[in-house]
Amino acid sequence: MVMIAVVVILVLIVIGLIFYNVRIHKKIQKFRNLNQKITNLYVVQDFMNAIGETSTVDEKIKKINDILIERYEIKYSTIVVFDGAEYQVKASNVDHKHWEALKSLQDVDMFKDSIESATPKYVTVNSENERLPYQQMEFGRAKSAIFFPLYIDNVYIGYWIIESGTPHDFDNVDTTVLEVIKENIVSVLKTVVHQKTLETIVRKDLFTGLYSEEYLYGEGKKIIDQYTISTICMFKITNIVQINKDYSRELGNKVITAISDFVYENLSQEYVFVRYMGPKFVIAFSGVEANAVADFLNDIKEKIEAMQIHLTEDEIKELNLEVNSRKKLTKEMEKEIAVPRLNFVISSYYKGTGLEEVLKKLEEYLDNADPNESDITNI
């Protein structure tokens with residue numbers, strides 16, 4: 001009877017330990033899942049910080065790849081994007097000599113199905129003496145890999161591939177976590193598409209040699225956002241239409257170039273100066289508050305409005321006027337003297353806010369101002 005009681009007690013203890021172990025296992029698993037979620041949140045936060053940094057699109061993608069490698073302890077990580085003409089390795093910690101092979105994986109049969117079905121592809125070898133099928137000249141670097149095709153709005157844009165130097169290293173990896181990472185990569189790429197477009201279309205103005213408006217949203221913003229607060233100034237040559245009408249468009253063009261040259265020569269290289277649109281220009285005083293630029297702008301305005309701009313004889317000859325009328329037109333044009341008139345408006349810009357909104361506000365003010373207004377206004 002005592003023996004039966006002992007056995008019953010032991011059974012109960014064993015059952016109790018089993019339930020306890022199961023409970024502990026669930027708590028550990030819950031803790032791991034929570035820890036993984038926290039890690040994912042940190043990674044997402046790091047991604048957002050990388051997007052917000054004042055850098056080019058390519059630099060942002062490289063930063064994101066570095067975050068993946070560090071946070072998830074990935075041996076090799078490579079992001080390849082199709083730019084509309086060719087595949088380019090946008091970020092990788094693999095030796096550059098292997099990039100040619102890494103940017104051609106879309107041509108490898110085993111990955112074609114992955115791209116068509118929009119599903120990841122896991123490949124590995126069984127021994128150290130083998131190599132992965134897509135590797136052409138390398139043997140020892142990677143022994144297992146997972147290939148993730150990337151899509152933006154159902155449009156294939158490239159792929160992300162992670163690799164390990166150990167066979168079967170990804171056998172037990174949590175693919176749901178990797179899918180989350182992949183979606184974050186896609187989100188980042190989608191976010192920076194607009195910036196990349198701006199970086200690509202930036203041009204220099206034909207007459208002034210200044211960068212166009214788009215420069216402000218790419219490389220220009222990188223300079224401006226080195227500071228918490230800056231002053232954005234937009235000015236307009238208010239009588240340029242009248243100059244073109246009363247004299248000639250050629251003289252109007254010279255007024256534009258003379259003013260832009262004068263401002264550029266008197267402006268610190270730390271500041272951004274662009275031809276915004278038509279007779280409107282923008283100066284971004286990086287790291288300077290509005291009250292500190294007033295004297296400079298007043299001085300610039302006074303000196304420009306004291307200019308008397310005219311075409312020289314050589315400039316008139318370059319217009320390629322017809323032989324029979326050249327002498328007459330030359331004589332008339334040499335008498336034409338234009339005196340520019342400017343209207344300035346300034347506003348504060350804070351890092352992290354919408355630069356385009358500030359510029360829109362300044363432009364609306366100048367466009368709606370009285371045509372005869374010639375002032376420096378802070379809005």
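**Serine 92, two sheet regions and a helix pair**

Not counting neighbours within four places in sequence, serine 92 is in contact with Asn65, Ser77, Thr78, Trp99 and Leu102; contact here means heavy atoms within 4.5 Å. The model is a predicted one, in which local features need pLDDT of at least 70 and side-chain atom pairs count only at pLDDT 80 or more, while totals for chains, interfaces and linings use all residues. Residues are numbered from 1 along each chain as its sequence is written, and side-chain values use heavy atoms, with hydrogens and water left out.

Serine 92 sits in strand 2. Helices (H or I, at least four residues) and strands (E, at least two) are DSSP runs, numbered from the N terminus. One of the neighbours just listed turns up again here: the side chain of serine 92 makes a polar contact with the side chain of threonine 78, at 2.8 Å. A polar contact is a pair of N or O atoms within 3.5 Å; within protein, one must be able to donate a hydrogen and the other to accept it, and residues adjacent in sequence count only if both atoms are side-chain atoms. A polar atom of the serine 92 side chain also lies 3.1 Å from the backbone nitrogen of valine 94.

And what about strand 2 itself? Five of its six residues are buried, so strand 2 is largely enclosed by the rest of the structure. Buried means under 20% relative accessible area, exposed means over 50%, and partly exposed is in between (1.4 Å probe, protein chains only).

Strand 2 belongs to an open sheet of five strands in the order 2-1-5-4-3, with antiparallel pairing. Two strands pair if DSSP finds at least two bridges between them. Strand 2 (87-92) and strand 3 (121-124) are the edge strands, each pairing on one side only. From one strand to the next, the twist averages 20 degrees. Helix 4 (residues 109-117) packs on this sheet, where it touches strand 3, strand 4 (144-152) and strand 5, and its direction makes about 35 degrees with that of strand 4. Axes are lines fitted to C-alpha atoms, for helices over the stretch in contact, and angles run from 0 to 180 degrees between N-to-C directions.

Next to strand 2 comes strand 1, and the two pair in the antiparallel sense over five bridges. Phenylalanine 82 stands opposite tyrosine 87 in strand 2. The two strands form a hairpin with four residues between them, and glycine 84 in the turn has a positive phi of about 105 degrees. Strand 1 (residues 76-82) is also joined to strand 5 (residues 155-164) by six bridges, again running antiparallel. Here serine 77 has isoleucine 162 of strand 5 as its bridge partner.

Leucine 189, in helix 5 (residues 175-201), is buried, with a relative accessible area of 7%. Setting aside residues up to four places away in sequence, leucine 189 touches Ile61, Val81, Leu150, Ile152 and Ile157. Leucine 189 and tyrosine 151 are 38 residues apart in sequence, yet 9.8 Å apart in space, C-alpha to C-alpha.

Strand 8 gets similar treatment. Six of the six residues of strand 8 are buried, so this strand is largely enclosed by the rest of the structure. Lys280, Val282 and Ala284 point one way, and Phe281, Ile283 and Phe285 the other. Six bridges join strand 8 to strand 6 (residues 229-237), and the two run antiparallel; lysine 236 stands opposite lysine 280. Strand 7 (residues 272-277) pairs with strand 8 too, in the antiparallel sense over five bridges, and methionine 277 has lysine 280 as its bridge partner. In the hairpin of strand 7 and strand 8, two residues lie between the strands and glycine 278 takes a positive phi near 55 degrees.

Two packed helices are described by the angle between their axes and the distance between the axes. For helix 8 (residues 249-266) and helix 9 (residues 294-305), the angle is about 145 degrees and the axes are 11 Å apart. The contact involves Ile259, Phe262, Val263 and Asn266 of helix 8 and Phe296, Ile300, Lys303 and Ile304 of helix 9.

How far can the picture be trusted? The pLDDT, which is the predictor's confidence in each residue from 0 to 100, averages 80 for the protein, and 76% of the residues score at least 70. Among the elements, strand 8 (residues 280-285) has the highest mean, 94, and helix 11 (residues 323-333) the lowest, 51. Where pLDDT is low, the predicted coordinates should not be read in detail.
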